[in-house]
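Thanks for making the time this morning. I would like to walk you through a few strand pairings and then one residue, so please keep the structure open while I talk.

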Amino acid sequence: MKKTDRRKWLWLLPLLIFALAFKGPKDVTIYMNGEIISTDQPPVIKNSRTFVPVRVIAENLGAQVFYLKDEKAVSIEKGDKLIYIPIGKKEMRISTTEMAGPVPLDGPAFIKNNRTMLPLRAIAEMFDMDVAWDEAARAVRISSPDHYLKPYVNVENAAAEVIDRLMKMGLLDEGYYATDTRPVTVDEKNLKEEGFFVALRKDNPVDKNLVDHLCYFFINKTGTVIMEYNPLTDGYEEVVAVN
């Protein structure tokens with residue numbers, strides 16, 4: 001090897017060592033009462049605040065969460081408490097039987113990879129939960145007297161839940177009823193979802209013996225995902241997704 005080539009490689013060697021040795025910080029892990037919460041979109045640290053997808057809030061704090069597309073906001077409901085969070089604004093609005101009004105946020109909600117990211121501590125503490133940051137483990141530890149992860153959708157109420165949710169969103173009109181409801185497991189986007197397959201029918205307004213429309217849906221056990229099944233493609237498309 002020529003002397004000039006040796007000098008060139010000796011100059012590049014420290015950079016190569018640095019590039020191989022350097023690793024970015026690992027993803028943040030969330031623990032709820034000691035159990036890891038899994039999500040397809042990792043938590044994000046922004047301005048020393050931890051942000052998580054809406055679905056983490058919905059499934060693990062036992063709240064119903066609605067994404068209000070036209071208002072660019074998120075509504076979180078649990079018991080008598082309602083929290084309204086406009087995306088991009090440094091405040092949320094609280095409404096309970098005892099109080100109502102704006103509450104400042106250290107960091108506004110934002111969109112990342114088609115997921116709505118909410119400030120975890122601010123929301124969790126509104127539901128009387130303790131939140132602690134573990135620097136050594138890069139983990140957020142949430143604790144509460146009660147474990148809120150309680151699936152409420154079952155084979156008895158799955159069809160009614162699908163019809164009610166879609167009608168409220170204007171995606172389904174009156175006249176639909178269930179012809180089949182059964183437990184299924186759907187594997188979409190590398191996430192297995194346990195829930196229920198629901199077949200809906202709408203009769204012809206002139207002749208009840210004729211079918212006006214048939215449609216098929218999947219709803220998961222926590223009610224955070226509703227997908228429509230397409231028999232032609234044998235695939236699902238998200239209709240309602242608390243992400």
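Strand E4, residues 49–53, and strand E11, residues 115–119, run antiparallel and are joined by three bridges, where strands are DSSP runs of E with at least two residues, numbered from the N terminus, and two strands count as paired if DSSP finds at least two bridges between them. Within this pair, Pro53 stands opposite Met117 of E11. I should say early that this is a predicted model, in which local features need pLDDT of at least 70 and side-chain atom pairs count only at pLDDT 80 or more, while totals for chains, interfaces and linings use all residues. Residues are numbered from 1 along each chain as its sequence is written, and side-chain values use heavy atoms, with hydrogens and water left out.

Both strands belong to an open sheet of four, in the order E3-E4-E11-E10, with antiparallel pairing. Strand E3 (44–46) and strand E10 (110–112) stand at the edges with a single partner strand each, so one side of each has no neighbour in the sheet.

Turning to another pair, strand E16, residues 211–220, and strand E17, residues 225–230, are antiparallel over four bridges, and Phe217 has Glu228 in E17 as its bridge partner. Four residues lie between the strands of this hairpin, in which Gly223 takes a positive phi near 70°.

Finally, Val184 sits in strand E14, residues 176–188. Is Val184 buried or exposed? Val184 is partly exposed, at 22% relative accessible area, where buried means under 20%, exposed over 50% and partly exposed in between, with a 1.4 Å probe and protein chains only.
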